[in-house]
Amino acid sequence: MQAITRFTKNSILLLQKEIADAEGNEVFALGYLDENGLVGKLEITARGNKDSVPAVSSNRKLPDVLIHNHPSGILTPSDNDLFIATQAAESGVGFFIVDNRVEKAYAVSEPAKKRVPQSLDADKIVKALEKGGAIAKRLPEYESRKSQLDLMRLIIRGFNEDALVAAEAGTGVGKSFAYLLPALSYALSNGERIVISTATITLQQQLYEKDIPLVLSALEANVNVALIKGRGNYLCFRRLEEALREQYLFEDAEYKELQAITAWARTAATGSRSELSFMPAETVWSKICSEADACMGLRCPERRRCFVLALRKRCADARILIVNHHLLFADLAARLEGAGYTNTVVLPPYTRIVIDEAHTIEASATSFFSKEFSRLGIYRHLGRLYRKRRENRMGLLVRLLPPFTEEQKVIELEQSIQNIREAVDALDKAALELCKTDGVFRLTPPRERVIAETLSPRFLGLRFSLLGVMKLARNILDALSDKEADEPVAWEVRAIIRRLDSIGNVCSAFADFKTRPDEVHWIERRLGASGDAWAVFRITPIDVAPSLKDALFKPNKTVICVSATLTIKGSFEYWKSRSGLAPAEENRKVLTGSFPSPFPYASAVLLAIPKDAPLPNQPDYRDFVDNAAAALALSAGGSALILFTSYDALQSAYAAAVPRLQEQSIRCLKQGDDDRNRLLQTFLQDEKSVLFATDSFWEGVDAPGNTLRLVVLCRLPFKAPNDPVFEARCETIDRQGGNSFMQLSLPESVMKFKQGFGRLMRRSSDHGIVAVLDGRILHKRYGEFFLRSLPKTKTTFSTFNALVRETAQFLSL
């Protein structure tokens with residue numbers, strides 16, 4: 001066909017010029033259609049040679065057409081052309097080939113016809129949540145809430161106006177329905193795929209199993225919805241079969257679990273670990289779960305019953321994808337690094353995202369972009385490759401060795417494995433010695449001498465030893481026939497080689513830490529149940545905001561961020577600066593709104609702060625907290641959550657409180673004594689219990705009614721000054737002329753403080769007390785930041801003894 005039937009004259013001239021400038025070689029371009037359906041705008045993204053060109057996508061906007069030229073003038077698509085065209089078609093993107101003079105064009109695949117976006121009718125959608133509305137009628141105890149309706153209107157604007165939205169919705173607003181109704185309605189009206197990302201798998205399942213079916217019932221509509229967890233949550237049949245052949249890797253109890261999983265797998269619906277009636281040991285599940293770098297794809301002998309492939313098929317048809325933050329960041333990172341926005345990567349392509357619990361974005365991104373390894377992890381990889389019991393040699397590499405292999409080659413392999421063990425043992429021992437005082441050690445220029453003497457040689461020694469085993473493994477793989485190289489065992493070996501290579505790269509980065517100022521290189525001491533210690537070596541980015549800005553906010557049309565805690569004293573600036581939303585993108589609309597909780601805090605909650613509480617740096621502070629925590633729990637008759645910022649302080653208060661509380665038949669529970677979920681269930685089932693907890697329990701605890709009537713915040717939750725990542729981020733702010741206390745330490749603490757405060761009121765009928773035992777909140781100027789970030793409540797700032805009497809009286813009302 002003539003190119004003029006597909007391109008405007010100006011775009012033809014531009015493409016001719018680009019091809020001429022590339023000396024007639026292949027160029028790759030993104031095309032955007034005008035109102036007449038012609039390619040009117042071009043973006044050149046790559047230049048190649050006479051035979052090929054990289055298919056580089058855009059990090060900014062989904063194109064309508066992918067375009068490249070064939071210098072030969074023969075426009076028949078190659079196999080690579082057909083593959084790229086097929087991938088692009090998943091997103092409705094076409095694929096054109098032109099000659100060098102741009103006179104002829106060949107449409108390998110047509111672009112999807114542009115749909116005029118159908119704006120949402122805010123009044124119509126909001127009615128579903130008003131009194132007598134479609135959803136309200138389906139919930140017997142539902143009460144229409146103005147803050148929820150206002151939040152929904154803001155989210156609808158985000159979809160209609162292709163805007164970025166940050167919304168703080170207080171506890172009880174009902175944010176899930178406020179974003180689900182617009183998201184599902186937009187997917188129905190426009191056929192677009194929308195990703196909804198949550199902080200936890202628990203919330204994913206609630207949305208998928210409960211909330212979304214209710215909304216679809218109210219809308220009297222059907223939308224394909226897919227729940228997606230990280231692939232490590234799904235069973236891999238091929239790896240399961242391999243594990244059954246490697247019984248020597250498992251203890252007797254572990255092998256019994258493996259047999260139980262095998263029986264379950266025959267009838268499992270999705271293959272997700274959560275379907276099991278028991279929680280398998282990590283040492284078992286890690287050997288049989290699906291892993292990206294060990295996946296054989298369409299070459300896999302188990303592909304017909306593969307759970308992950310079945311999930312991908314469901315996702316391709318789905319308009320709503322329910323994911324968690326880690327999975328979302330895995331997809332965004334791959335697209336930013338060059339995978340593009342037109343095809344399936346971790347997730348199918350999309351341009352609109354809803355992020356629930358958005359206050360966790362920075363922490364989730366930091367976790368995702370960090371790299372780490374440990375002695376135990378290396379041991380597991382080596383055990384898969386080679387191990388010896390008595391005179392029996394076992395492992396993946398042994399299975400790949402040809403029959404009658406020379407004994408010397410086996411001994412060489414055995415010695416190479418032993419070299420790695422010795423190298424990582426030496427590194428681990430040196431690292432633990434450096435962590436002996438604080439439990440952590442950060443590599444910094446002032447510590448260069450001790451690092452050069454104790455760590456750097458051992459990092460390089462481990463890297464060298466890893467290279468030795470990788471070389472031997474690759475030699476064994478290279479000697480295989482084509483058929484043998486395609487066997488599952490060979491794929492497993494390649495996957496382990498890639499992981500060992502990645503660990504080697506981390507070792508090199510640690511050795512060269514001075515040349516990598518944008519990262520934190522640090523070591524953490526870990527303790528096992530038996531008291532054995534090992535070191536974890538981590539590299540963490542100092543600032544994830546630029547990556548979030550480029551990967552999340554720039555390329556997507558709509559990003560809705562909602563949480564109960566996004567503001568400090570009513571301002572979103574801190575959260576926006578840490579999450580990559582600030583400064584606002586040029587020509588991008590950013591909408592923000594705060595929607596207060598409808599709960600009656602002013603009458604139902606007493607904020608109790610003893611005016612005679614000592615400051616944490618005073619010698620009597622520990623004794624004061626130990627006594628106060630017990631006294632307040634006694635006055636409440638149990639039903640208390642006592643939150644700490646360190647496990648040491650928790651232990652001290654718990655030891656002091658147990659005799660006093662047990663004397664009154666009040667059950668004492670302590671974080672660390674049981675699995676987190678089981679501990680929470682025990683607490684929820686016993687209204688007279690008291691739970692002593694730290695860190696992770698400051699959020700994610702939902703205990704309505706008389707189960708929880710007292711929350712004690714023993715100390716303002718400032719990060720420990722020796723936290724390596726926090727320390728590095730503070731140094732960066734100060735070095736740039738800022739004030740790390742006001743810009744990071746204080747606002748981060750206020751956000752966590754709000755989360756802790758929010759544990760009390762979970763239903764409108766709840767009633768109770770939040771007590772703060774840190775004197776700084778009243779006696780330091782920055783205390784007002786904490787107080788002004790809370791909803792209005794009843795307050796008492798009495799002496800501690802008077803405060804105990806007041807709390808008992810308040811709870812008796």
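Where is the place of Asp-695? Asp-695 sits in the loop between β22 and β23 (710–713); that and other spots get a close-up below.

A word on the model: it is predicted, with local features needing pLDDT of at least 70 and side-chain atom pairs counting only at pLDDT 80 or more, while totals for chains, interfaces and linings use all residues. Residues are numbered from 1 along each chain as its sequence is written, and side-chain values use heavy atoms, with hydrogens and water left out.

**View 1. Two non-glycine residues with positive phi, Val-102 and Asp-695.** Asp-695 has a phi near 35°. Asp-695 is partly exposed, at a relative accessible area of 46% (buried means under 20%, exposed over 50%, partly exposed in between, with a 1.4 Å probe and protein chains only). Val-102 has a phi of about 55° and lies in the loop between β4 (94–98) and β5 (105–109). Helices (H or I, at least four residues) and strands (E, at least two) are DSSP runs, numbered from the N terminus. With a relative accessible area of 3%, Val-102 counts as buried.

**View 2. Helix α24, with a kink at Ala-656.** The bend there is about 30°, and the proline Pro-659 follows shortly after; a bend is the angle between axes fitted to the seven residues ending at a residue and the seven starting there. End to end, the C-alpha atoms of α24 (residues 647–662) are 21 Å apart, which agrees with the 22 Å that its 16 residues should span at 1.5 Å a residue. The expected span is 1.5 Å times one less than the number of residues. Buried residues of α24 include Leu-650, Tyr-654, Val-658 and Leu-661. The buried residues of α24 pack against α23 (621–636), β20 (640–644), β21 (668–670) and β22 (690–694), where contact means heavy atoms within 4.5 Å.

**View 3. Helices α11 and α20, packed at an angle of about 90°.** Two packed helices are described by the angle between their axes and the distance between the axes. For α11 (residues 325–339) and α20 (residues 545–553), the axes are 9 Å apart. Axes are lines fitted to C-alpha atoms, for helices over the stretch in contact, and angles run from 0 to 180 degrees between N-to-C directions. The angle of about 90° makes α11 roughly perpendicular to α20 (angles of 65 to 115 degrees count as such). On the α11 side, Phe-329, Leu-332 and Leu-336 do the meeting; their partners in α20 are Ser-547, Leu-548, Asp-550, Ala-551 and Leu-552. By class, this contact has six nonpolar residues, one polar and one charged. Here Ala, Val, Leu, Ile, Met, Phe, Trp, Tyr, Cys and Pro count as nonpolar, Asp, Glu, Lys and Arg as charged, and the others, Gly among them, as polar.

**View 4. Helix α26 and its partner α27.** The 12 residues of α26 (residues 724–735) should span 16 Å at 1.5 Å a residue, and the end C-alpha atoms are indeed 16 Å apart. Pro-724, Val-725, Phe-726, Ala-728, Arg-729, Cys-730, Thr-732 and Ile-733 are its buried residues. These pack against α12, β14 (440–442), β15 (519–527), β16 (533–541), α21 (573–579) and α27 (740–757). With α27, the axes come within 8 Å and cross at roughly 150°. Phe-726, Arg-729, Cys-730, Ile-733 and Asp-734 of α26 meet Ser-740, Gln-743, Leu-744, Ser-745 and Glu-748 of α27. That contact has four nonpolar, three polar and three charged residues.

**View 5. Phe-741 in helix α27.** Phe-741 is partly exposed, with a relative accessible area of 30%. Phe-741 touches Phe-718, Leu-746, Pro-747 and Tyr-782, leaving aside residues up to four places away in sequence. Phe-718 is 23 residues away along the chain, with the two C-alpha atoms separated by 10.0 Å.

**View 6. Ile-523 in strand β15.** Ile-523 counts as buried, at 0% relative accessibility. Its C-alpha is 4.7 Å from that of Phe-537, 14 residues apart in sequence. Not counting residues up to four places away in sequence, the residues that Ile-523 touches include Ala-431, Cys-435, Phe-441, Leu-455, Phe-510 and Phe-537.

**View 7. Ala-608 in strand β19 (residues 605–608).** Ala-608 is another residue at 0% relative accessibility, so it counts as buried. Among the residues it touches, not counting those up to four places away in sequence, are Ile-769, Val-770, Thr-796 and Leu-803.

Definitions and conventions
Angles under 35 degrees count as roughly parallel, over 145 as roughly antiparallel, 65 to 115 as roughly perpendicular and the rest as oblique.
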